[in-house]
Amino acid sequence: MTQPDLILTNGRVTTLDRIKPEAEAVAVADGRILAVDRASEIMSQAGPETKVIDLEGRRVIPGLIDSHLHVIRGGLNYNLELRWDGVGSLSDAMNMLKRQVAVTPPPQWVRVAGGFTDQQFAEKRLPTLDEINAIAPDTPVFILHLYDRALLNGAALRAVGYTKDTPEPPGGAIERDSAGNPTGLLLAQPNATILYATLAKGPKLPPEYQLNSTRHFMREMNRLGVTTVIDAGGGFQNYPEDYQVIEKLHADGELTLRIAYNLFTQKPTQELGDFANWVKQVKPGQGDDLYRHNGAGEMLVYSAADFEDFRVERPDMPPSMEGELEPVVRLLAENRWPWRLHATYDETIGRALDVFGSTATCPWPASTGSSITRRRYPTAISTGSRRSAAVSPCSTAWRTRASISSSAMAQRRPNGRRPSRACWKQACRSAPARTRPASRATTPGSPCPGW
Ligand SMILES: [Zn+2]
């Protein structure tokens, strides 16, 4: 029997096994769990080389897998951030800001890049621009609240160069005073590009500091129990240039997270060119257990990406969306690249699914019951799970919608289901029972569910 190289004992182990939900000890060999059991059972497997850690009653959980993070991009800047996560009052938060301003050397900024809301503060409000300016007259301060607004003090406005002549960003707003000068408040309405484009104007860390910063970010993820992530790329995160830090950490054996990374185009209206290049450079699955390529996304084409500021009106995607999305998806499918697409609203997702469907033939040609050849491509939307879906107008929608219902859609509709489209209903009625796809939404041979 393999001897464990590590034993964790005297703990409270959450196994997620219904039959045996709790255990006291875990044995590990070659990075894999050998056994989970009572401490006496596990300790009997220990050999002379086994490292034993006494947990002294601490809880052990399986590592968390986060299906959507921006670790590769976020790591480059993590050490530059002041974090307000969990801070209970605005006055405490502002004291932290004050202390950070006092130790921040020019030309660096103080940045609070999300991770909090005004509702966590006892005062139930954000700081005012006057309060921030009083604390930091000379040091640029940038505070990002969700993806709905950013607060910049006067020094930050000077640093980014926004003036009365700066045009309004598409889908966003630069609040101005009566003379037309920016006040420092930037708003997503609902396009958040103005927020993170402004953040991207700040100074960067030198490469060796980016290595250190990324290690700190991964360490923070580990502290929260996260061991594996799917990295969703991100705006201003270019491939391959901005992946050198993560790749060096990987090469040096310093990754403390398993990362599957998706490639995110940075070129509005030129997206196809990016993907056409990348399919020649890297293959899905390429890499190893710690760092692996995972396909395209979460940006496929800019015209198909909506924004999730639910406090303002839903954006309508432009009419050009389908025409721009289709060739990209076709290229990805032909190259067997899985993809994920950032989409928030039912209306946007429906249009995207119709495009995915239009790249192949419906597998239910009349109700003949003839045998059907389905081509399978891995696809994913939003949830990050890789699923194998038959690409067709009907079955793709059918299967992928089942996966959507587990994410944002489930929160918006009590039963997690979405209204059917004509295609599904027709397919459902006319398809011979044996050719209907099995899914959570229906079972072969059953009538159409009443969506
Ligand atoms: Zn994202």
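In the predicted model, helix α11 comprises the 12 residues 346-357. At 1.5 Å a residue, a helix with this number of residues should span 16 Å, and the end C-alpha atoms of α11 are indeed 16 Å apart, so expectation and model agree. The buried residues in α11 include T348, I349, A352 and L353, and V355, F356 and G357 are buried in this helix as well.

A352 of α11 also belongs to the largest nonpolar core, which has 45 residues. Together with V71, L300, A304 and L325, A352 is among the residues with the most contacts inside that core. Residues are contributed both by domain 2 (71-199) and by domain 3 (310-451), and the core therefore lies between these two domains. The surroundings of A304 illustrate the packing: when residues up to four places away in sequence are not counted, A304 touches M317, M321, L325, L341, A343 and A352. A second core, separate from the largest one, has 35 residues, including F142, A156, I174 and I194. In soluble globular proteins, nonpolar side chains tend to be buried together.

Helix α7 (residues 207-223) was examined in the same manner. Its 17 residues should span 24 Å at 1.5 Å a residue, which agrees with the 24 Å that separates its end C-alpha atoms. Buried positions in α7 are Q210, L211, S213, T214, F217, M218 and M221. Viewed down the axis of α7, these buried residues fall within an arc of 165 degrees, and so they line one face of the helix. An α-helix has 3.6 residues a turn, so residues three or four places apart point the same way. The buried residues of α7 pack against three elements, namely α2 (71-77), β14 (226-231) and α8 (244-251). On the other side of the helix, E208 and R223 are exposed. Just after α7, G225 adopts a positive phi of about 95 degrees.

Helix α3 spans residues 90-103 and has 14 residues. From its first C-alpha to its last, α3 reaches 20 Å, close to the 20 Å expected at 1.5 Å a residue. L90, A93, L97 and V101 are buried in α3. Around the axis they cover an arc of only 80 degrees, which puts them on the same side of α3. The elements that cover these buried residues include β9 (110-113), α4 (129-135) and β10 (141-145). A102 and V103, on the other side of α3, are exposed.

A further position considered is G154, which lies in helix α5 (residues 154-160). G154 has 18 other C-beta atoms within 10 Å; because 20 or more would be needed for a buried residue and 12 or fewer for an exposed one, G154 counts as partly exposed. Neighbours within four places in sequence aside, G154 is in contact with N133 and G184. G154 and T183 are separated by 29 residues in sequence, and their C-alpha atoms lie 8.0 Å apart in space.

At the level of the whole chain, the model contains 14 helices and 18 strands. Of the 451 residues, 37% count as buried. Among contacts between residues at least 6 apart in sequence, 68% join residues at least 24 apart.

Terms used. Residues are numbered from 1 along each chain as its sequence is written. This is a predicted model: local features need pLDDT of at least 70, side-chain atom pairs count only at pLDDT 80 or more; totals for chains, interfaces and linings use all residues. Helices (H or I, at least four residues) and strands (E, at least two) are DSSP runs, numbered from the N terminus. The expected span of a helix is 1.5 Å times one less than its number of residues. The arc is that of the directions from the helix axis to the C-beta atoms. Two residues are in contact if their C-beta atoms, placed from the backbone, lie within 7 Å. A nonpolar core is a set of buried Ala, Val, Leu, Ile, Met, Phe, Trp, Tyr and Cys residues joined through C-beta atoms within 7 Å. Domain bounds come from an automatic or database domain assignment.
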